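Grab a coffee and work through these exercises with the viewer open. Try each task before you read its solution.

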Amino acid sequence: MAVVTLPREYNDAMKESNRKWDAASLDRISISVPKGGKNIIKAAADERGVSMNSFILQAIQDALNDTERRGT
């Protein structure tokens, strides 16, 4: 028999803990895209089953890897 666990309530203490971890562990970058660009990126990410953040990070990593392979 499988054990079913109910999701915990996302309380203020958890939010604060996540905020602190984010501040200590992540850099934030804000980008601007032409009108409609966000929807195009979101659709491409959804098509691949990933978040927009993951999609953008992967695109950046692919570009960096390509640059490294070319030695430029």
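**Exercise 1. A pair in the first helix**

Which residue forms a salt bridge with Glu-16, and how far apart are the closest N and O atoms?

Solution. A quick caution before we start: this is a predicted model.

Step 1: pick out the partner. Glu-16 pairs with Arg-19, and their closest N and O atoms are 2.8 Å apart. The cut-off for a salt bridge is a Lys or Arg side-chain nitrogen within 4 Å of a carboxyl oxygen of Asp or Glu, so this pair makes the list.

Step 2: look at the spacing. Both residues sit in helix H1 (residues 12-25), and because they are three residues apart there, about one helical turn separates them.

Step 3: check the surroundings. Glu-16 is partly exposed, at 33% relative accessible area. Arg-19 is partly exposed too, with 46%.

Some background for this step: side chains of opposite charge can pair when their charged atoms come close.

**Exercise 2. A pair in the second helix**

Find the salt-bridge partner of Lys-42 and work out how the two are placed in their helix.

Solution.

Step 1: Lys-42 meets Asp-46 in a salt bridge, with 3.1 Å between the closest N and O atoms.

Step 2: Asp-46 belongs to helix H2 (residues 37-48). Lys-42 and Asp-46 are four residues apart in H2, so about one helical turn lies between them.

Step 3: is each of them buried, partly exposed or exposed? Lys-42 has a relative accessible area of 39%, which makes it partly exposed. Asp-46, at 45%, is partly exposed as well.

Step 4: now use Asp-46 as a ruler point. Val-4 is 42 residues away from Asp-46 in sequence, and their C-alpha atoms are 28 Å apart in space.

**Exercise 3. A network in the third helix**

Which residues are linked with Asp-66 in a network of salt bridges?

Solution.

Step 1: the network links Asp-66, Arg-69 and Arg-70.

Step 2: take one contact from it. The side chains of Asp-66 and Arg-70 come to 3.4 Å, N to O. These two are four residues apart in helix H3, so the separation is about one helical turn.

Step 3: compare the accessibility classes. Asp-66 is at 32% relative accessibility and counts as partly exposed. Arg-70 reaches 53%, so Arg-70 counts as exposed, given that the cut-off for exposed is over 50%.

Step 4: look across to another helix. Arg-48 lies in H2 and is exposed, at 51% relative accessibility. Arg-48 and Asp-66 are 18 residues apart in sequence, with 21 Å from C-alpha to C-alpha.

Step 5: put the pairs in context. Searching the whole structure turns up five salt bridges.

**Exercise 4. How straight does the last helix run?**

Compare the reach of helix H3 with its expected span, then say what follows the helix.

Solution.

Step 1: H3 covers residues 52-70, which is 19 residues.

Step 2: from first C-alpha to last, H3 reaches 27 Å, close to the 27 Å expected at 1.5 Å a residue.

Step 3: step past the end of the helix. Gly-71 comes after H3, and its phi is positive, near 75°.

**Exercise 5. The whole chain**

How many helices and how many strands does the protein chain have, and is the chain spread out or compact?

Solution.

Step 1: count the elements. The chain has three helices and zero strands, and the order along the sequence reads α-α-α.

Step 2: compare the radius of gyration with the globule rule. The chain comes to 18 Å, well over the 11 Å that the rule gives for 72 residues, so the chain is more spread out than a compact globule.

Step 3: add the outline. The C-alpha trace spans about 50 × 30 × 30 Å along its principal axes.

Step 4: turn to burial and surface. Buried residues account for 4% of the 72. The exposed area is about 7000 Å², and carbon and sulfur atoms supply 55% of it.

Step 5: finish with charge. The chain carries 11 positive and 10 negative charges, and the mean positions of the two sets are 4 Å apart.

Methods: Residues numbered from 1 in each chain as written. Predicted model: local features only at pLDDT ≥ 70, side-chain atom pairs only at ≥ 80, totals over all residues. Heavy atoms only, no water. Rg over C-alpha atoms; globule rule 2.2 N^0.38 Å. Buried < 20%, exposed > 50% of the residue type's maximum accessible area, 1.4 Å probe, protein only. Areas by Shrake-Rupley, 256 points an atom, 1.4 Å probe, with all protein chains shown as cover. Lys, Arg positive; Asp, Glu negative; His and termini not counted. Charge placed at Lys NZ, Arg CZ, Asp CG, Glu CD. Expected span 1.5 Å × (residues − 1).
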